[in-house]
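Open the structure in your viewer and keep the selection tool at hand. The stops below follow one another as selections.

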Amino acid sequence: YRGTVLDMLDWVIIGCETGHNRRPCDLDWIYSLVDQCQNAQVPVFVKQINLDGKVVKNIDKFPKDLQVQEFPV
């Protein structure tokens with residue numbers, strides 16, 4: 001196979017980890033993943049993000065350009 005990993009993906013779901021021992025999830029990483037998926041025309045769903053040390057699941061509280069919840073067709 002000579003394509004990219006994105007050529008093999010049908011859908012990408014992005015979300016930070018939860019719990020006391022969760023690992024960091026930088027917003028820049030999420031921005032990058034969303035951009036890569038949109039450029040490759042792969043549906044992307046941002047499930048939850050870390051804002052100010054808290055896990056946020058309410059999409060209305062995400063930065064506008066991360067309010068992306070697409071589904072595969």
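Select aspartate 7 to begin; its place is in the segment before S1. The model you are looking at is predicted. With a relative accessibility of 52%, aspartate 7 counts as exposed, because the cut-off for exposed is over 50%. Now add cysteine 37 to the selection. Aspartate 7 and cysteine 37 are 30 residues apart in sequence, yet their C-alpha atoms are 9.9 Å apart in space.

Stay in this segment and select Val5, Met8 and Leu9. Together these residues make up a nonpolar patch on the surface, and their combined accessible area is about 290 Å². Click on valine 5 by itself: it also belongs to the segment before strand S1, which covers 12-15. Is valine 5 buried or exposed? Its relative accessible area is 58%, so valine 5 is exposed.

Next, go to isoleucine 13, a residue of strand S1. Which residues does isoleucine 13 touch, leaving aside those up to four places away in sequence? They are Phe45 and Lys47. For a distance along the chain, select arginine 2 as well. Arginine 2 and isoleucine 13 are 11 residues apart along the chain, and 24 Å separates their C-alpha atoms.

Zoom out and show the whole chain as a cartoon. The protein has one helix and three strands. Starting at the N terminus, these elements follow the order β-α-β-β. A box of roughly 40 × 25 × 20 Å, taken along the principal axes, holds the C-alpha atoms. The protein has 73 residues, and 26% of them count as buried. Among contacts with a separation of 6 or more, 63% are between residues 24 or more positions apart. Switch to a surface view: about 5500 Å² is exposed, and carbon and sulfur atoms supply 50% of that area.

Colour the side chains by charge for the next stop. There are 8 positive and 10 negative side chains, and the centres of the two sets lie 9 Å apart. Side chains of opposite charge can pair when their charged atoms come close. How many salt bridges does a search of the whole structure find? The search finds one. To see it, select arginine 23 and glutamate 17, whose side chains meet in this salt bridge at 2.3 Å, N to O. The two partners can be told apart by accessibility: arginine 23 counts as exposed at 56% relative accessibility, whereas glutamate 17 counts as partly exposed at 31%.

The last two stops concern the backbone. Most residues other than glycine have a negative phi. Select glutamine 41, which sits in the loop between helix H1 (27-39) and strand S2 (44-51). Glutamine 41 is not a glycine, but its phi is positive, at about 60°. With a relative accessible area of 73%, glutamine 41 is exposed.

Then move along the chain to aspartate 52, in the loop between S2 and strand S3 (54-56). Aspartate 52 is not a glycine either, and its phi is also positive, at about 55°. Is aspartate 52 buried or exposed? At 80% relative accessibility, aspartate 52 counts as exposed.

Notes. Residues are numbered from 1 along each chain as its sequence is written. This is a predicted model: local features need pLDDT of at least 70, side-chain atom pairs count only at pLDDT 80 or more; totals for chains, interfaces and linings use all residues. Side-chain values use heavy atoms; hydrogens and water are left out. Helices (H or I, at least four residues) and strands (E, at least two) are DSSP runs, numbered from the N terminus. Buried means under 20% relative accessible area, exposed over 50%, partly exposed in between (1.4 Å probe, protein chains only). Contact means heavy atoms within 4.5 Å. Accessible areas come from the Shrake-Rupley method with a 1.4 Å probe; for residues, only the protein chains shown count as cover. Lys and Arg count as positive and Asp and Glu as negative; His and the chain ends are not counted. The place of a charge is taken as NZ of Lys, CZ of Arg, CG of Asp or CD of Glu. Patches are made of residues with over 30% relative accessible area and no salt bridge: like charges are joined within 9 Å, nonpolar side chains (Val, Leu, Ile, Met, Phe, Trp, Tyr) within 5 Å. A salt bridge is a side-chain nitrogen of Lys or Arg within 4 Å of a carboxyl oxygen of Asp or Glu.
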